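Here are my notes for someone opening this structure for the first time. Have the sequence and the model side by side as you read.

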Amino acid sequence: MEALAQRLSQLDAEAGGAMRVVMFYDTLMRRRVDLPALARASANLAECVVGMRLHGSGRVISMGPDGRAAPEGSASTTRPIVLDDEEVGAVWLARSGEPAALDELVLDRLAIAAAAILERYGPARTTMADPALIELVISSGSEEAARARALRLLGFGTDLPLRVVAVRTSLPLDRIGGLICPAHLVKAAPLADVGVLLATTVDAQRFPEGVRAGIGAAGCPSRSWRQARTALRFTSSREPVVSYADLGAFALLAELPPEAVRENADVAAIAQLPPEDVQTLEVYCANGSLRRAAELLHLHHSSVARRLDQIGKAVGVDLTDPTGLARARLALTAWRLFHL
């Protein structure tokens, strides 16, 4: 690319300058360069720092004329990156002196080239993605090189933390993605009976009604996917969104063999309770307060007390005792987790 820039620089500065820029970027596009190579070549051509930012992922690339990564600097001129009539990023020149004669043309061509690269490797803000790419990212069997390439095609930088969300819903996945991650990059795809969302940030408070969601911790995508699926198993109508990070030691229950859970006396007793008793026990265990449980169940506290006394006798634990309450909550969680 340096040789190309040197050859084009021999054209007449005024008559051939514009043609030089056009030819330069046409050549880069034929070579199918990626964004860092585009920024590096542009910095060499413009002889100043060149930068670009992607709004969705927050990724910033800044290169100096020596071909090395450089601080962003103060942008002297900028241009938006527009893809499908949507501004998805920006490019800029950080020149210390007066703008050069061809800076405007360089920026125009740089922005067009950046948009073409983003379109080739996957629109930066398009939520729905190829399920095959999503599976490459979250699969524990994927090679790191294949995972990194899939992330790049999806628009994610490999240096950014990534969260994986597992959802069960009848709502469109792109709608959910736009709600939980409105200002950052998010990708979604259905896998079997579970929807998958990849996002750099997740606002757990923005999930709409009718969605069950498990949220994995940020970090390795395959580990985050396992965590998200585990958290999804802990969801209920009372708690439809569960973050793996909030499960703590309860996450260990997901590792138990189903046979061992099924044979446990406390769990077996919970499985025999009628639905209204299960609901009462869930509300009481979640709040630990008789009066609060009565408020949520819209019953008098004396009625809830009698019902809890009957439940305690049926299960064989004293729900007024801290140890008994812990046993009931553990059994209830295990029962719900394995759908016994």
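The numbered points below start with the whole chain and then turn to single residues.

1. First, the ground rules. This is a predicted model, so to speak: local features need pLDDT of at least 70, side-chain atom pairs count only at pLDDT 80 or more, and totals for chains, interfaces and linings use all residues. Residues are numbered from 1 along each chain as its sequence is written, and side-chain values use heavy atoms, with hydrogens and water left out.2. How sure is the predictor about the protein chain? The mean pLDDT (the predictor's confidence in each residue, from 0 to 100) is 88, and 93% of the residues reach 70 or more. Confidence bottoms out in helix 1 (residues 2-8), with a mean of 54, and peaks in strand 8 (residues 211-215), at 98. Where pLDDT is low, the predicted coordinates should not be read in detail.

3. On to the overall build. The protein chain has 15 helices and nine strands; these are DSSP runs numbered from the N terminus, with helices being H or I of at least four residues and strands E of at least two. Its radius of gyration is 28 Å, whereas a compact globule of 340 residues would be near 20 Å. That radius is taken over C-alpha atoms, and the globule rule is 2.2 Å times the number of residues to the power 0.38. Along the principal axes, the C-alpha atoms fill a box of roughly 95 × 40 × 30 Å.

4. Inside and surface next. Of the 340 residues in the protein chain, 46% are buried. Buried means under 20% relative accessible area, exposed means over 50%, and partly exposed is in between (1.4 Å probe, protein chains only). The chain exposes about 17,200 Å², with carbon and sulfur atoms supplying 50% of that area; accessible areas come from the Shrake-Rupley method with a 1.4 Å probe, and for residues only the protein chains shown count as cover.

5. Contacts here mean heavy atoms within 4.5 Å. Among contacts in the protein chain with a separation of 6 or more, 61% join residues 24 or more positions apart.

6. Two residues deserve a look for their backbone angles. E47 is not a glycine, yet has a positive phi of about 60°. You'll find E47 in the loop between helix 3 (35-46) and strand 1 (49-54), and its relative accessible area of 63% is why E47 counts as exposed. A192, also in a loop, sits between strand 6 (186-191) and strand 7 (194-199). Phi of A192 is near 55°, again positive in a residue other than glycine, and A192 is exposed because its relative accessible area is 86%.

7. Is A129 buried or exposed? A129 is buried, because its relative accessible area is 16%. The residue lies in the loop between helix 4 (103-121) and helix 5 (131-138). Not counting residues up to four places away in sequence, A129 touches I134, L154, K187, A188 and A189. P221 is 92 residues away from A129 in sequence and 16 Å away in space, C-alpha to C-alpha.

8. L330 belongs to helix 15 (residues 322-338). With a relative accessible area of 43%, L330 is partly exposed. Setting aside neighbours within four places in sequence, L330 contacts F250 and L253. From L330 to V267 there are 63 residues in sequence and 8.5 Å in space, C-alpha to C-alpha.

9. Last, try H298, in the loop between helix 13 (290-297) and helix 14 (301-315). H298 counts as exposed because its relative accessibility is 72%. How far apart are H298 and K313 in space, C-alpha to C-alpha? They are 23 Å apart, with their positions 15 residues apart in sequence.
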